[in-house]
Amino acid sequence: MDAWPACAVPDLPGRGEPLRLFDTAAQAVRATAPGGTATLYVCGITPYDATHLGHAGTYLAFDLVQRMWRDAGHEVHYVQNVTDVDDPLLDRAARTGENWMSLAEREIQLFRDDMTALRVLPPDEYVGVVEAVPEITESIERLLEEGNAYRLDDDVYFPVSAAPGFGTESNYDRDTMLALFGERGGDPDRPGKQDSLDSLLWRGRRPGEPYWDTGIGAGRPGWHIECSVIALNRLGMDFDVQGGGSDLIFPHHEHSAAHAEALTGTTPFAGHYVHAGMIGLDGEKMSKSRGNLVLVSKLRAAGVDPMAVRLALLDGHYRADREWTGGRLPAAEARLHRWRAAAALPAAPTSDKLLAEVRRSLADDLDTPSALAAIDRWAAGALDAPATEGDPAAPGAVAKLVDGLLGVAL
Ligand code: ZN
């Protein structure tokens, strides 16, 4: 399906540094090692509710990953999925009486509009599960043929015993896995499974639910296999970064990796597993089930500058769970105002050192708070100095670096 329009990314003088990112599997910050074309897969939305700030924070982090790779001279091949058929979407449609496809279509468009407003770089391939059903089905058939899947009633399961590396992405112990599996869409207590942690590859047709007639029967794909197959068929194994929110560490990313490893007989699925922290409100994780969402579209409708939203999110480190408090937005608006005022001056302190500093901060596991602080110092110096002093090229050069590396249009 169509993604959303890309904003231009200006070329900056010189060359950026190699990007280092925290890898959940290694539990350490490691250098990413892309070839000429860096490869990225980020798990997309389940389109049943509009983009909240938690989503925005996650996609912003991977937007910066792309900017850093490009600045270091790489091309980027970026794939994102849309889980446009799954239980939460169908449940919501059933509750409100809306057609599930219309609901998905509307929410995907809202997400596209939010991403465009926030200047998040789009994926090169934006793939809905509905359009990927044939390739997913073919992979499940292969897992069945090779003894890496089993049938239970009309459903098909993946046995974790088929993946020797199971557990090495999340590093969680079995009790933690069991608890998270139950909380996040798994069915640890279903009788008849070989192991409580085995995950659903194919859900046989249920009354009132959408289904596809396929070689493995009538039904629809499970959640994890969709990402394994969509990523594998476009990026291959050992692509550079698998990304998402930290609530995807288990079971989603562990099982996606396990499925792909069983399908190919090789490892690893991704070079880095990178996870963004959760955004909380009033001490609670922002989530649909808690009903405490701050929606990007609502902020936009209220006239908030999307660049201030972007800056407010970049003010915290992407990996940290952080609070969206009442003061964040006004502080970001004030910062944006100062940066714009400095970038509009006829002259300002030279920007070469600042470019190196911002590059160095972002290359270090996307340390945006340090990058923002460096630009604050430059802006304060520029605004304090008499307007005629300094380098006349500096205000424009800083606007370009803020645009290129942080995606903020001044
Ligand atoms: Zn996914």
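These exercises work through a predicted model, each with a stepwise solution.

**Exercise 1. The zinc site**

Find which residues coordinate the zinc ion, and place Cys43 and His252 in the chain.

Solution.
- Step 1: Look for the donor atoms. They are SG of Cys43, SG of Cys227 and NE2 of His252. The distances run from 2.0 to 2.1 Å.
- Step 2: Write the spacing. Along the sequence the donors follow C-x183-C-x24-H.
- Step 3: Place the two residues. Cys43 sits in the loop between β3 (37-42) and α1 (53-71). His252 belongs to helix α7 (residues 249-264). The two are 209 residues apart, and the pair links distant parts of the chain.
- Step 4: Check accessibility. Cys43 and His252 are both buried.

**Exercise 2. Helix α7 and its surroundings**

Determine how far α7 reaches, how many of its residues are buried, and where cis peptide bonds occur in and after this helix.

Solution.
- Step 1: Take the span. The 16 residues of α7 reach 21 Å from first C-alpha to last. That is close to the 22 Å expected at 1.5 Å a residue.
- Step 2: Count the covered positions. In α7, 15 of the 16 residues are buried, so the helix is mostly covered.
- Step 3: Inspect the peptide bonds. Phe250 to Pro251 is cis, with omega near 0°. Pro251 is placed in helix α7.
- Step 4: Move past the helix. Gly265, just after α7, has a positive phi of about 70°. Thr267 and Pro268 are joined by a cis peptide bond, with omega about -5°. Pro268 lies in the loop between α7 and β12 (270-276).
- Step 5: Set this against the general rule. Most peptide bonds are trans.

**Exercise 3. Positive phi outside glycine**

Locate Gln27 and Asn171, give phi for each, and decide whether each is buried, partly exposed or exposed.

Solution.
- Step 1: Recall the general rule. Most residues other than glycine have a negative phi.
- Step 2: Take Gln27. Its phi is positive, near 55°. Gln27 lies in the loop between β1 (20-23) and β2 (28-31).
- Step 3: Look at the flanking strands. β1 and β2 pair in the antiparallel sense over 4 bridges. Asp23 stands opposite Ala28 of β2. The hairpin has 4 residues between the strands.
- Step 4: Classify Gln27. Its relative accessibility is 47%, so Gln27 counts as partly exposed.
- Step 5: Take Asn171. Its phi is positive too, about 65°. Asn171 lies in the loop between β7 (155-158) and α5 (174-183).
- Step 6: Classify Asn171. Its relative accessibility is 42%, so Asn171 also counts as partly exposed.

**Exercise 4. Aromatic pairs**

Sort the pairs Tyr150–Tyr157 and Tyr172–Phe250 into stacked or edge-to-face.

Solution.
- Step 1: Choose the two descriptors. A pair of aromatic rings is described by the distance of the centres and the angle of the planes.
- Step 2: Get the total. The structure holds 8 aromatic pairs.
- Step 3: Read Tyr150 and Tyr157. Their centres are 6.0 Å apart and their planes differ by 25°. Planes under 30 degrees apart count as stacked, so this pair is stacked. Tyr150 and Tyr157 are both buried.
- Step 4: Read Tyr172 and Phe250. The centres are 6.4 Å apart, with 70° between the planes. An angle over 60 degrees counts as edge-to-face, so this pair is edge-to-face.
- Step 5: Place Tyr172 and Phe250. Tyr172 lies in the loop between β7 and α5, and Phe250 in helix α7, so the pair ties together parts 78 residues apart in sequence.
- Step 6: Compare accessibility. Tyr172 is partly exposed at 27%, whereas Phe250 is buried at 0%.
- Step 7: Add the cluster. Trp4, Tyr59, Phe111 and Tyr126 form one aromatic cluster.

**Exercise 5. Contacts of two strand residues**

List the residues that Arg203 touches and those in contact with Gly271, leaving out neighbours up to four places away.

Solution.
- Step 1: Place Arg203. It is in strand β8 (residues 199-204).
- Step 2: List its contacts. Arg203 touches Asp87, Asp155, Glu209, Ala218, Gly219 and Arg220.
- Step 3: Pick out the polar contact. The side chains of Arg203 and Glu209 make one at 2.8 Å.
- Step 4: Place Gly271. It is in strand β12. At 22% relative accessibility, Gly271 counts as partly exposed.
- Step 5: List its contacts. Gly271 is in contact with Asp23, Arg30, Asp238, Phe239 and Asp240.

Definitions and conventions: Residues numbered from 1 in each chain as written. Predicted model: local features only at pLDDT ≥ 70, side-chain atom pairs only at ≥ 80, totals over all residues. Heavy atoms only, no water. Donors = N, O, S within 2.8 Å, 3.2 Å for Na, K, Ca; no water. Buried < 20%, exposed > 50% of the residue type's maximum accessible area, 1.4 Å probe, protein only. Expected span 1.5 Å × (residues − 1). Polar contact = N/O pair within 3.5 Å; in protein donor to acceptor, adjacent residues only side chain to side chain. Contact = heavy atoms within 4.5 Å. Phe/Tyr/Trp six-rings, centres within 6.5 Å; stacked < 30°, edge-to-face > 60°. Pairing = 2+ DSSP bridges.
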